[in-house]
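Biologist: Hello! I am new to this one, so could you walk me through it and tell me how each term is earned?

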Amino acid sequence: MVEIVAGPGATAVLAGDPAAAAGRLVHEMEVDGGESTTRVRLFRRLPIGAAPLTPERIAALRVELAGNAPGTPLDELAVQNRELMSALDEVRAQRDELAETNQGVMALYNELSQELEETNRGVVALYNELDERSAQLKAASEAKSRFLANVSHELRAPVTAVIGLTRLLADSGSDPLTGEQARHVDLIRGSATDLLTLVNDLLDLAKAEAGRLEPAWTEVDLRALFGQLRGTARAVITRPEVQLVVADPPTGSAVTSDEALLTQVLRNLLTNAIKFTERGTVSMELRAATGQDGWEIEVADTGIGIPPELHQRIFEEFYQVPGSSSGRTGTGLGLPYAQRLVTLLGGSLHLASEPGKGSVFTVVLPSRPMPPAPAQRDEG
Ligand code: ADP
């Protein structure tokens, strides 16, 4: 308990709001206003475990409190002014520091902007160079296609003539040949036929590359197309160990495409599947495309398969998997051509294959392909 004794008039002050606020800090407060003095008693219970209030401790507390006693209002103002001045000094120091930091940040920003500008200039120059290179590449590729188209076109006539002549020589109406001569004529005809296949393939590919093939878009009846391809494939199969399964698509299945080009693609895939399959099954089936409005045509076989690292390479011109061509005819141009045609038809060609297990080539076709922009024609 603390008892404060104040002079007259204190009762009025102590009855006001500040006294009520002070009262909330203690457990009990009594203000006893007398004639000449006002007595204020403050009670506060000590918490359990607090150090006991010995006379020495009370004396020490009294000294401490006397030190904290407020001075005159003028003194208070002086103290507050001093505190304000030091706060102001601190704010000034902080402001100066901030200004310095700002300068640093600006310098860094300028430096970075300059560097960025330089890099940008470099990138733009690089882009220009790339544009130039890609134009050069395009021109070179066009020149190559033009050259191939012209050469193969020019070669076709003499090679066809050679085949015709060998037929004439072997004809029963011509002078009889010796056995040796007949064998040679056969060899010449075989080689000339291979050459003609190569020339024709080259011509097809060159035409497709030069953008000279323009699909004739029609509504293609897929059921009829499958029927026709089944007949062609059956005629190519020579081994009884290979079974052909071409599932009939549902009646009415149709796609907007170029029938002749699509037939060429599928015939090519089927011929390859038959060529590289010793035994088992060669199949073709139609499915609705996953995730888009269109069709997937899958040509699968149980043949020799293709190692995964060559899945890209077999779409390159003239590439044949080492060892795969022994005893088989081929030019290595069928797949690149098929891929070009499928792209031209607005679709894509995919491969899944494992050596010894077989291959699955999938042609994905949109139902309504966007007719591609007219290809740039170069009549030169
Ligand atoms: P070609 O059949 O005239 O050799 P392609 O371009 O059609 O040329 O095929 C390239 C190569 O890809 C083939 O030589 C062969 O090695 C491989 N290949 C293509 N289709 C198959 C298949 N169904 N199974 C195994 N290998 C294949």
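**Reading the model**

Modeller: Happily! The centres of domain 1 and domain 2, taken over C-alpha atoms, are separated by 97 Å. This is a predicted model, where local features need pLDDT of at least 70 and side-chain atom pairs count only at pLDDT 80 or more, while totals for chains, interfaces and linings use all residues. Residues are numbered from 1 along each chain as its sequence is written, and side-chain values use heavy atoms, with hydrogens and water left out.

Biologist: What makes these stretches domains, and where do they lie?

Modeller: The bounds come from an automatic or database domain assignment. That assignment gives domain 1 (2-69), domain 2 (84-212) and domain 3 (215-366).

Biologist: Why is the protein chain called more spread out than a compact globule?

Modeller: The radius of gyration is taken over C-alpha atoms, and the globule rule is 2.2 Å times the number of residues to the power 0.38. For 380 residues that rule gives 21 Å, but the chain comes to 49 Å, well over it, so the chain is more spread out than a compact globule. Along its principal axes, the C-alpha trace spans about 160 × 50 × 40 Å.

Biologist: How many helices and strands are there, and what counts as one?

Modeller: Helices (H or I, at least four residues) and strands (E, at least two) are DSSP runs, numbered from the N terminus. The chain has eight helices and 10 strands. UniProt, in an unreviewed entry, lists residues 74-129 as "coiled-coil region"; such annotations may be inferred rather than shown by experiment. In the model, residues 74-129 are 100% helix and 0% strand, with end C-alpha atoms 81 Å apart.

Biologist: How do you know that α7 and α8 are in contact?

Modeller: Contact means heavy atoms within 4.5 Å. In α7, residues including L261, V265 and L269 meet a set in α8 that includes Y337, A338 and L341. By class, the residues of this contact are nine nonpolar, four polar and no charged. Nonpolar here means Ala, Val, Leu, Ile, Met, Phe, Trp, Tyr, Cys and Pro; Asp, Glu, Lys and Arg are charged, and the others, Gly among them, are polar.

Biologist: What is the angle between α7 and α8?

Modeller: Axes are lines fitted to C-alpha atoms, for helices over the stretch in contact, and angles run from 0 to 180 degrees between N-to-C directions. On that scale, α7 (residues 259-275) and α8 (residues 334-344) pack at about 145 degrees, with axes 9 Å apart.
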